[in-house]
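The following exercises concern side-chain pairing and burial in a single protein chain. Each task is followed by a solution that proceeds step by step.

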Amino acid sequence: MKQQICILGSTGSIGTQALDIIEQHSDLYETYALTANSRWKELAAQARKFRPAAVVIANEAYYKDLSKELADQPDIKVYAGAEALNQIVEAEPINMVLTAMVGFSGLEPTIHAIKAKKKICLANKETLVVAGELICGLAAENRVSVLPVDSEHSAIFQSLVGEDENEIEKILLTCSGGPFRLFSSEQLQTVTAADALRHPTWDMGAKITIDSASLMNKGFEVIEAKWLFGVPADKIQVLIHPQSIVHSAVQFADGGVKAQLGIPDMHLPIQYAFSFPKRLSLRAERLDLFKQPLEFFEPDMQKFKCLGMAYEAIEKGGNMPCIMNAANEIVNEGFRKGACSFVGMGEIIEQTMAKVGFDENPDLDVYLQTDAEARRVAMDLMNERLGKR
């Protein structure tokens, strides 16, 4: 029988590439549900092509538009709202859920999917950043597999296959360095969102591309790696690798290093999460090492303070990563809209982490309250700076 897949965030970069995989392997996979936040036209087009049993538009303002567009498709049920996302992942026919939503909004649907014992293909890194201990505990309790889709974590996962209980000495987490890798501190004062969105190697959504430019994305990935692989943050080393060919590596107790290499493309890690432990054929460009040098550099955490703050947040634990993530979501959007400078993003996140109440043992309710409070604080700080311009 075909595996029934629910894609949370089907109109984004990961979601559309996942649909490419499903189309290539239509004998193995089928879409049961597709969801989007507000891109109802793209969602409708996907629904017509892939004919899922259901679609969900998270922003309820677009429910009527989507329903009208799919009125001639009576076999496709149309739902709207956050609660509909939580309910759709629990549908009995679904075998696996690809969590490709961006930001904190992916947390609750992922929890519902785990409790419904669905295999999780995790592309929403904020889920583990905000609530890694909660998610890992639920996955263990419900005996649910959580397979990484991020290229770096997929590379680590692939490097660990067959290693069983062998001791990990260090995780080598690679990072392109983003578009501002060679910029001075003075140059960073005046960069714009348009500058930041010109990523040198990856084609990603706007939010993640900005996070990549600030290295916050890599900080998130350090936290994600800690929870996925049970390795403390001080054993996770970030390497700037501008070519984005070595996706990440693992160093073992005997000094041996295993790495996964490939072109900067997400089709392979998405497909591997779907098909593990099997490797399926994939119509994609192949890596040619004769054409590509491989370079590695240490990150500058003075210029890119977001990476350092992520290490601090995971060391502090509790709800601190949740505070950091919420503040980042506010300033990231602010930077894209011209309401915050590039350097100001890190400064506001740092101030928010100092202001919001710390809770050492948060549960889901605390995470939700923390997220709301941190967003308010970060927004106030950003507006205060904007008013002084």
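**Exercise 1.** Characterise the salt bridge between Asp 371 and Arg 375 in this predicted model.

Solution.
1. The closest N and O atoms of Asp 371 and Arg 375 lie 2.8 Å apart. A salt bridge requires a side-chain nitrogen of Lys or Arg within 4 Å of a carboxyl oxygen of Asp or Glu, so the pair qualifies.
2. Both residues belong to helix 16 (residues 364-387); because they are four residues apart, about one helical turn separates them.
3. Buried means under 20% relative accessible area, so Asp 371, at 7%, counts as buried. Arg 375 has a relative accessible area of 22% and is therefore partly exposed.

**Exercise 2.** Determine which residues are joined into one network by salt bridges that share partners, and locate the pair formed by Glu 152 and Lys 218.

Solution.
1. The network consists of Lys 125, Asp 150, Glu 152, Lys 218 and Glu 221. The count for the structure comes to 16 salt bridges.
2. Between Glu 152 and Lys 218, the closest N and O atoms are 2.9 Å apart.
3. Glu 152 is in helix 7 and Lys 218 in helix 11, so this salt bridge ties together parts 66 residues apart in sequence.
4. Glu 152 counts as buried at 10% relative accessibility, and Lys 218 counts as buried at 3%.
5. The "binding site" annotation of the unreviewed UniProt entry includes Lys 125, Glu 152, Lys 218 and Glu 221.

**Exercise 3.** Describe the surroundings of Ser 151 and Asn 217, which the UniProt record also lists under "binding site".

Solution.
1. Ser 151 lies in helix 7 (residues 151-160), whereas Asn 217 lies in helix 11 (residues 216-229).
2. Ser 151 counts as buried, at 7% relative accessibility. Asn 217 likewise counts as buried, at 7%.
3. With neighbours within four places in sequence set aside, the contacts of Ser 151 are Trp 202, His 247, Gln 260, Met 266 and Pro 269.
4. On the same basis, Asn 217 is in contact with Lys 125, Ile 208, Asp 211 and Ser 212. The side chains of Asn 217 and Lys 125 are joined by a polar contact of 3.2 Å.

**Exercise 4.** Analyse the salt bridge between Glu 163 and Lys 258.

Solution.
1. The N to O distance between the two side chains is 3.0 Å.
2. Glu 163 occupies the loop between helix 7 and strand 8, and Lys 258 is in strand 11 (residues 257-261); the partners are 95 residues apart.
3. Glu 163 counts as buried at 16% relative accessibility, while Lys 258, with a relative accessible area of 31%, is partly exposed.

**Exercise 5.** Classify the aromatic pairs Tyr 29 with Phe 274 and Phe 180 with Phe 342.

Solution.
1. A search of the whole structure finds seven aromatic pairs.
2. Tyr 29 and Phe 274 are 5.5 Å apart centre to centre, with 55° between the planes, and the pair is tilted. Tyr 29 is in strand 2 (residues 29-36) and Phe 274 in helix 12 (residues 267-275), 245 residues apart. Both residues are buried.
3. The ring centres of Phe 180 and Phe 342 are 5.1 Å apart and the planes stand at 85°, so this pair is edge-to-face.
4. Phe 180 counts as buried at 1% relative accessibility, and Phe 342 counts as buried at 6%.
5. Ring pairs link Phe 180 and Phe 342 with Phe 183 and Phe 335 into a cluster.

Definitions and conventions: Residues are numbered from 1 along each chain as its sequence is written. This is a predicted model: local features need pLDDT of at least 70, side-chain atom pairs count only at pLDDT 80 or more; totals for chains, interfaces and linings use all residues. Side-chain values use heavy atoms; hydrogens and water are left out. UniProt positions are given in the numbering used here, feature names are shortened, and annotations may be inferred rather than shown by experiment. Helices (H or I, at least four residues) and strands (E, at least two) are DSSP runs, numbered from the N terminus. Buried means under 20% relative accessible area, exposed over 50%, partly exposed in between (1.4 Å probe, protein chains only). Contact means heavy atoms within 4.5 Å. A polar contact is a pair of N or O atoms within 3.5 Å; within protein, one must be able to donate a hydrogen and the other to accept it, and residues adjacent in sequence count only if both atoms are side-chain atoms. Rings of Phe, Tyr and Trp (its six-membered ring) pair if their centres lie within 6.5 Å; planes under 30 degrees apart count as stacked, over 60 as edge-to-face and the rest as tilted.
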